[in-house]
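Please look over the sequence and the model shown here, and then read the short report that follows.

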Amino acid sequence: MKARLTLVLGGLAVAIAQMSCAQDEQMLLPKTVEAGSAFSIQSTGSGKATLYIVGLGQVLKRDVQLGETAFFPAESLISAGHYLVVLAGTSSTQNGSFDVLPTGKPANLSFLAKPSRLPVGLRGGITGAVYVFDDYRNLIAAPAQVSFELSNPTGPVQKRLVMTRNGAAWTVMDSTAQQGIDKFVARVDDVYSTRVVAQVPGDPCGLKMNAQQSGQQVRLVTDPVRDCSGNAIPDGTVVTFTEKYNGVQSTVDEPLKNGIAEVEMSAHTGATFSVASGIVMGNQIRWEK
Amino acid sequence: MNNGRLFAALLGTVTVALVAIGTVWPAPSASAYSGAGSMLRSSSTPEAAVENLGDEIRGQAWEKAYASLANKAQFTEPEFVKDLTGNYPSLLTYTTLDKFEVRPLHASTDEAELELKLHWATVVGLSVSTRDLHVVRNGDRWEPEWPIVRESKVPPQVIPVNYLRWDVIYRGSGDDWGSQDVEAPHVRIVDMHPVDRAEGVVILGELLNEDVVPAYVSVSATLLSKSQSPIATEGSFDKIDHLLLPKQVTPFLIQFHNVALADVGSIRMTPLSALIPASADPVIEIGSEELHPAPGASLTGQLINQSGQIVNVAHVLGTFYDKSGQVIWVADQYVDQALSPQTPVPFEIHIPQDLARSVSSQRTVVATYSFGGSQ
């Protein structure tokens with residue numbers, strides 16, 4: 001492949017070197033070609049020549065009869081961009097250029113949604129960016145309307161309509177108050193792409209524990225731990241119990257199990273028990289039994 | 001050229017001569033280590049008897065060490081060895097005695113008390129343990145009595161464990177997730193405080209896992225000069241608990257040697273977090289934590305493994321706060337013995353003397369490692 005490309009480019013260099021020769025032949029080129037569509041190039045004169053079409057992503061070489069029309073079937077050129085055309089005859093060389101444009105119809109979306117997991121109730125916490133491509137993965141620079149929809153199984157749908165600029169559109173959404181797996185959909189015409197955004201509970205809110213005697217120990221049990229929107233904090237979240245008594249401290253980092261955390265600590269009259277999770281403090285209990 | 005050859009020949013001759021001398025008249029220590037002899041001195045004094053015992057422990061000559069004890073009838077040789085190296089695999093299992101110190105405490109004609117300080121070279125640095133030995137005269141010899149500490153044995157039982165475990169499934173090549181993958185855990189530095197110490201700049205702080213998934217974390221810092229050019233970058237290395245469960249907080253300490261805080265214009269902190277499979281088990285209770293004032297300021301306490309799994313290595317990290325609640329120091333200690341279920345194991349973290357008076361409160365966390373376990 002590389003050798004062929006070198007050969008073609010070498011031939012092209014030779015052809016360009018011949019450009020100073022007499023130009024008694026002419027070439028009729030289209031101004032633009034839609035990616036993937038058929039097109040033709042008309043030449044004048046007589047004899048044999050070689051036609052080169054060179055772009056950033058593609059190179060075509062065709063032996064042509066001068067004075068005839070060279071037909072290129074559909075999907076001959078699929079990469080959008082500016083193409084250089086060189087017609088190298090035996091006695092002269094002509095050159096020209098044309099543009100291959102993306103098809104107008106969106107066929108693929110590149111959808112970047114961030115983050116895939118975030119706490120509930122976060123304003124502007126979710127961003128979505130879309131790049132619109134045609135069937136041949138050419139970026140469609142023409143403006144197109146993109147619809148962004150963020151839907152929660154239980155809550156209302158957030159919807160934004162954004163026009164693309166230079167092939168891209170982006171938006172910002174809020175995370176809802178309800179935890180769950182949200183679907184984030186970007187749609188252009190009948191083409192869409194879906195991402196999943198997990199909304200997880202925020203920090204614990206109103207953390208509260210109760211204490212009761214359990215033999216020689218004190219059994220400390222939290223109420224079901226929830227965030228400020230009422231979502232249950234997931235199991236495994238660490239709750240820290242601390243006992244302070246006469247300048248001596250004991251600590252247990254206990255993960256939530258079935259929504260609550262419980263631990264047994266030494267029972268000392270006058271001891272103070274406190275509970276916390278992350279940077280959130282809960283209540284304190286002074287043990288007087 | 002000729003000089004070079006002459007020099008090479010001279011070097012070769014000297015080497016052969018030294019090898020021959022070393023073989024024919026070996027140094028006592030080399031002879032002892034090769035098993036050909038002993039470098040032990042006569043146990044004619046209490047100090048010599050304990051020094052001999054120390055040498056035998058250093059050479060892992062368990063049989064000889066056990067045989068030299070006056071109270072060997074009270075325990076077996078395997079119990080003696082386990083007292084020194086642990087019942088379960090731990091830091092001490094893979095260590096050697098680097099050196100020891102003997103200090104007389106009390107002596108009479110037939111009895112003596114000596115302190116034997118053992119400096120173990122572990123994979124995480126020196127670990128020092130101290131035993132007070134009673135030494136008794138037996139004829140013209142002195143024999144130490146080993147103060148055996150038997151680890152309490154956990155009775156055979158089944159302990160049900162139903163804590164959470166997190167596994168991670170990353171996106172596959174065929175998945176329609178674009179460039180998305182499972183989001184890295186969200187962590188936040190909740191406190192950061194640079195201090196100027198004699199050895200350089202130290203950055204202290206605390207890191208919170210504010211996510212609902214466990215995180216592997218580390219923190220690095222870059223010191224920038226007043227012209228905003230980088231001076232140095234360092235990481236927290238092991239002065240941090242690398243595994244954070246949801247809503248767990250770890251202290252961190254980053255040390256920059258030979259840098260003065262006056263030369264620092266600003267500091268760029270870079271917390272790193274990555275998803276990691278983890279288990280909420282084992283749960284370790286940190287009990288009887290007590291701050292001891294200077295001199296010899298320290299935080300002591302005990303670790304109690306509340307789970308059924310044996311913890312082979314425990315790393316205790318203490319965060320020390322002043323009256324206003326600001327972090328003023330972070331210190332740590334590796335516990336050199338394994339944590340058996342429900343068995344208290346003591347720890348002691350030393351606090352710099354100059355900071356001890358400012359310490360008003362503390363918070364302790366434990367990182368645990370189990371060989372072949374889930375973490």
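A residue is called buried under 20% relative accessible area, exposed over 50% and partly exposed in between, judged with a 1.4 Å probe on the protein chains only. This is a predicted model, in which local features need pLDDT of at least 70 and side-chain atom pairs count only at pLDDT 80 or more, while totals for chains, interfaces and linings use all residues. Residues are numbered from 1 along each chain as its sequence is written, chains are lettered from A in the order in which they are written, and side-chain values use heavy atoms, with hydrogens and water left out.

Two residues illustrate these terms, with helices (H or I, at least four residues) and strands (E, at least two) taken as DSSP runs numbered from the N terminus.

| Residue | Element | Relative accessible area |
|---|---|---|
| Ser147(A) | strand β12 (residues 145-151) of chain A | 11%, buried |
| Leu10(B) | helix α1 (residues 2-24) of chain B | 52%, exposed |

Leaving aside residues up to four places away in sequence, Ser147(A) touches Lys159(A), Arg160(A), Leu161(A), Val185(A), Ala186(A) and Arg187(A), where contact means heavy atoms within 4.5 Å.

Elsewhere in chain A, an open sheet of three strands runs in the order β1-β3-β6 with antiparallel pairing, and its edge strands, β1 (27-28) and β6 (69-72), each pair on one side only. Two strands pair if DSSP finds at least two bridges between them; β1(A) and strand β3 (residues 39-43) of chain A are joined in the antiparallel sense over two bridges, and Leu28(A) stands opposite Gln42(A) in β3(A).
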